[in-house]
Every structure is written in structure tokens, then in C-alpha cells.
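Student: Could you walk me through this one before I set anything up? I'd like to start with the pocket and then wander a bit.

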Amino acid sequence: MKKKRERRAEDMVRLKPHQCASLVKMITDRCPDQLKLPFMLWTREAVGELIERTFGIRLSIRSVGNYLKRWGFTPQKPVRRAYERPEKKFRLGLGGLSGDCQAGAP
């Protein structure tokens with residue numbers, strides 16, 4: 001009985017090493033909105049769209065996640081969401097002033 005040949009990792013790579021290096025540099029140096037992408041944070045979808053725009057290569061979300069893992073990027077959870085912040089502190093603002101009494105307001 002013959003064993004079915006599995007795909008090797010080298011066979012699954014669609015991006016060249018110089019493309020990977022330029023993508024890592026873009027991701028670490030800029031935000032998605034600076035590259036005119038409709039995202040505020042780097043997500044797998046945002047990186048996938050960047051790859052498609054830059055190199056014309058469409059990858060699945062899973063493949064993009066595998067590349068990000070290979071490059072050393074890990075998923076991060078935001079510390080707090082906007083709807084979780086205390087309303088009183090939000091009204092007072094960071095400087096301790098209310099929204100109507102900010103410095104420079106007429």
C-alpha cells in the first residue's frame with residue numbers, strides 16, 4: 001500500500017522572500033489607513049488586501065494567518081473596548097474637564 005504524498009511547506013509558499021520582507025516592513029512601519037486601506041488595525045483581512053494590492057496575489061485568510069505566524073506576529077486583544085469605559089470618566093475627559101469646558105472653547 002502506497003502512502004499518499006503530503007504537501008511540503010516549500011510547495012505551499014506563494015510569496016517570494018523579498019516580497020515577505022517588504023510586507024513585514026510595511027506592516028511594522030505603517031498603519032493600514034496610511035496605506036489607504038479601509039482598516040484601522042492590522043487584521044488578517046487587511047494584510048490579505050495589502051498583499052493583493054501590492055503583488056496581485058490573492059490568499060485565503062488562513063494562508064495570511066500562517067504567513068503572519070511565520071513572520072512572528074501574534075494576535076492581540078484590545079485592552080478595553082470603547083463601550084466598556086466608565087461613562088463618568090468619558091464625560092470628564094482625560095484632562096479632567098467636561099466636554100463643554102475644554103481649554104480654548106469660547
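Tutor: Before the pocket, a word on classes: Ala, Val, Leu, Ile, Met, Phe, Trp, Tyr, Cys and Pro count as nonpolar, Asp, Glu, Lys and Arg as charged, and the others, Gly among them, as polar. Please also keep in mind that this is a predicted model.

Student: Fine, so how do the residues of the lining of the largest pocket divide?

Tutor: On that scheme the lining of the largest pocket has 8 nonpolar, 4 polar and 3 charged residues.

Student: And which residues lie nearest its centre?

Tutor: Of the 15 residues that line the largest pocket, those nearest its centre are Trp42, Thr43, Thr74, Pro75 and Gln76. The volume of this pocket comes to about 510 Å³, and α2 and α3 (61-70) each supply at least two residues of its lining.

Student: Stepping back, how many helices and strands are there in the chain?

Tutor: The chain has 4 helices and 0 strands, which gives the pattern α-α-α-α when it is read along the sequence. Of its 106 residues, 19% count as buried.

Student: Back to α3, which of its residues are buried?

Tutor: In α3 the buried residues are Val64, Gly65, Tyr67 and Leu68. Seen down the axis of α3, these residues fall within an arc of 160°, so they line one face of the helix.

Student: What do they pack against, then?

Tutor: The buried residues of α3 pack against α1 and α2, whereas Arg62, Lys69 and Arg70, on the other side of α3, are exposed. Just after this helix comes Gly72, which takes a positive phi of about 95°.

Student: Which residue other than glycine has a positive phi?

Tutor: One to look at is Lys36, whose phi is near 60°, and which sits in the loop between α1 (17-29) and α2 (44-55). As background, most residues other than glycine have a negative phi.

Student: Is Lys36 buried or exposed?

Tutor: Lys36 counts as exposed, because its relative accessibility is 69% and the cut-off for exposed is over 50%.

Student: Changing topic, how many disulfides does a search of the whole structure find?

Tutor: The search finds 0 disulfides.

Student: And Cys20, buried or exposed?

Tutor: Cys20 is buried, since its relative accessible area is 13% and buried means under 20%. Cys31, with a relative accessible area of 38%, is partly exposed.

Methods: Residues numbered from 1 in each chain as written. Predicted model: local features only at pLDDT ≥ 70, side-chain atom pairs only at ≥ 80, totals over all residues. Heavy atoms only, no water. Buried < 20%, exposed > 50% of the residue type's maximum accessible area, 1.4 Å probe, protein only. 1 Å grid on protein atoms, 1.4 Å probe; cavity = no way out; pocket = protein on both sides within 12 Å on 5 of 7 lines; lining within 4 Å. Points joined across faces, edges and corners; volume = space filled by probe spheres on them. Disulfide = S-S within 2.5 Å. Arc of directions from axis to C-beta. Contact = heavy atoms within 4.5 Å.
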